Amino acid sequence: MLVHLAAFSHARTFASPFRLPHALDTPSDWSQIRHHVHSPFPNWLLDCSFLVLSRYFNIRVLCFFYLAIFTLLTLLQPPPIVFQHFNPILISKTRYINMSDTVLSPPAKPGIRRLSSISTTFEDLALGPSVVVPPEHMSKPSDAHETAAAMEMAKHRLRKRDNRAGDVTPPTPVDTLVTDQYAFAFDIDGVLVRGGKPIPQAVEALKVLNGQNEYGVKVPYIFVTNGGGKTEQERCLDLSRQLELEVSAGQFICGHTPMREMAEKYKTVLVVGGEGEKCRAVAEGYGFKDVVTPGDIIKDNKHTTPFRKLTADETEHSRLRNFGESEIDAIFVFADSRDWAGDQQIILDLLMSKNGRLGTRSETFDEGPPIYFSHNDVVWSASHPLTRMGMGALRVSLEALYKSLTGKELVSTAFGKPQIGTFQFATRLLQQWRKDTHGIDAPPRTVYFVGDTPESDIRGTNEFNASSVCENQWYSILVRTGVFEEGTKPAFAPNATVDNVLEAVKFGIQREVDKGLKSKVQQLSQQQEAIMEE
Ligand code: G3P
Ligand code: MG
């Protein structure tokens, strides 16, 4: 149906079943009229009515009749809408460039400009894809925009098909538009980075999301990693270097980020994992008042870990205090432990203590401080070709040791993916990020989550998507560049599996284009049926 409507307006280029012998001889009459008059009616409606009436009335009479009607209407009110070209991806409502500057700047490649029907000139129209709207429609799209979208979809596809011979990749548009319909969320290790080095397709994938795509649209994205051990700002700096683009802390979550919301709950906390003093700095940055490290405890009592002596640097940076006088209220494992034996010894000392006072032993082994892990990944993908043990493995080991030492099950809490709380946190961060950077206030219809670990990335996305707290669709895409090994059956089934992050981005964008097209075609055929029934 769409293609035929498009065909109708571009008579010269297509053999269409609706061919009207004499009308097509003077196609320019009708299409000239339709192109240069302002009509409150959608083009497809005009085309159809013309199609029908031209069977009963002389074409020229009909053209003058339409012209008279439209001129009358134009005189009666400011011209509402003119349909011109369109970028399919924009089927979804997009952010609109403001009129004053961008419109008259050098024309962008594909992507729609909204031009005011009052001030726009033909020259502006020729400057590239645009929809001309009445001034009051500049801020909010009318549904006619949608119909234009569908019209242009056919033209866009047809043009693409015709250009196939000289297939040129469009340069990065100057003022790309941003879609508000969908967004991406990326896991990091095994998707964008491996062992600190960027995965080859990662840089390209983000360029595509930043507008270097055939649709000239930007797609907002955030990063959700279970990794940690540094401040979010530091991790963003690393990622910026690795991916050769700007990464803001406003679009970044790591395993321990949600733990900041517990800073007011505990006075003295033990923070475990990571390099040197980094995790203490992260915790203090979150607002934790009194942060202790395993190094501080060993400095106070070197007998704590018989086989683990502090290095000179650790001795210098660890803070001396008398732990016989203070209680530790909670234990936070922020990042992968660099000393499993020493860290587990100190954690078990506290878990089996009375109220978190080192050197004491509880009779019931249930008076110790609570323990929180920033995630539960048993394995992760680092520079080694095979997966490496992660924080989740330390947790399993601690549970086993606690059980063997106390006969009791260790109760502990894990943050990070696949916890629903982390995806709720990600939803809030994405909302704020899109608002701050693109002024988009409505939640995206779909969030594509790209991950490499079925147990955390895919399970978390699927369970969040199915949960009552999820407002939109979270779509899980599994890549083959990390933990997931080809030929194995993922423990949690993704919505899609692709080779790498670039394929994941292309998959998501194409799915949105097709989704947009599909809903337009449906809408148009419904309207067509409605007209036919009248
Ligand atoms: O230590 C981090 C690792 O377990 C996984 O990180 O980015 O894949 O969530 P990521
Ligand atoms: Mg990963």
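In the predicted model, an oxygen atom of ligand 1 lies 2.6 Å from an N or O atom in the side chain of D187. A second side chain that makes such an approach is that of K417, with an N or O atom 2.8 Å from an oxygen atom of ligand 1. The backbone also takes part: a polar backbone atom of I188 is 3.3 Å from an oxygen atom of the ligand. Ligand 1 on its own would expose 300 Å², and the protein buries 97% of this area.

The residues around ligand 1 are D187, I188, D189, T225, N226, G227, D336, H375, D377, W380, K417 and D452. By residue class, this shell comprises six charged, four polar and two nonpolar residues. The ligand occupies the second largest pocket. Ligand 1 lies between domain 2 (113-255 + 419-503) and domain 3 (265-414), because both domains contribute residues to its shell.

The backbone has an uncommon feature at K417, the residue whose side chain approaches ligand 1: the peptide bond between K417 and P418 is cis, with omega about 15°. P418 belongs to the loop that links strand 16 (413-414) to helix 15 (420-438). Another backbone feature is found at N355, a residue that is not a glycine but has a positive phi of about 55°. N355 is placed in the loop between helix 13 (340-351) and strand 13 (371-373). Both kinds of feature depart from the usual pattern, because most peptide bonds are trans and most residues other than glycine have a negative phi.

Terms used. Residues are numbered from 1 along each chain as its sequence is written. Chains are lettered from A and ligands numbered from 1 in the order in which they are written. This is a predicted model: local features need pLDDT of at least 70, side-chain atom pairs count only at pLDDT 80 or more; totals for chains, interfaces and linings use all residues. Side-chain values use heavy atoms; hydrogens and water are left out. A residue is near a molecule or strand if one of its heavy atoms lies within 4 Å of it. A polar contact is a pair of N or O atoms within 3.5 Å; within protein, one must be able to donate a hydrogen and the other to accept it, and residues adjacent in sequence count only if both atoms are side-chain atoms. Accessible areas come from the Shrake-Rupley method with a 1.4 Å probe; for residues, only the protein chains shown count as cover. On a 1 Å grid over the protein atoms alone, a cavity is a set of points where a 1.4 Å probe fits but cannot get out, and a pocket is an open set with protein on both sides within 12 Å along at least five of seven lines; lining residues have an atom within 4 Å of a point. A molecule sits in a cavity or pocket if more than half of its atoms lie within 2 Å of its grid points. Ala, Val, Leu, Ile, Met, Phe, Trp, Tyr, Cys and Pro count as nonpolar, Asp, Glu, Lys and Arg as charged, and the others, Gly among them, as polar. Domain bounds come from an automatic or database domain assignment. Helices (H or I, at least four residues) and strands (E, at least two) are DSSP runs, numbered from the N terminus.
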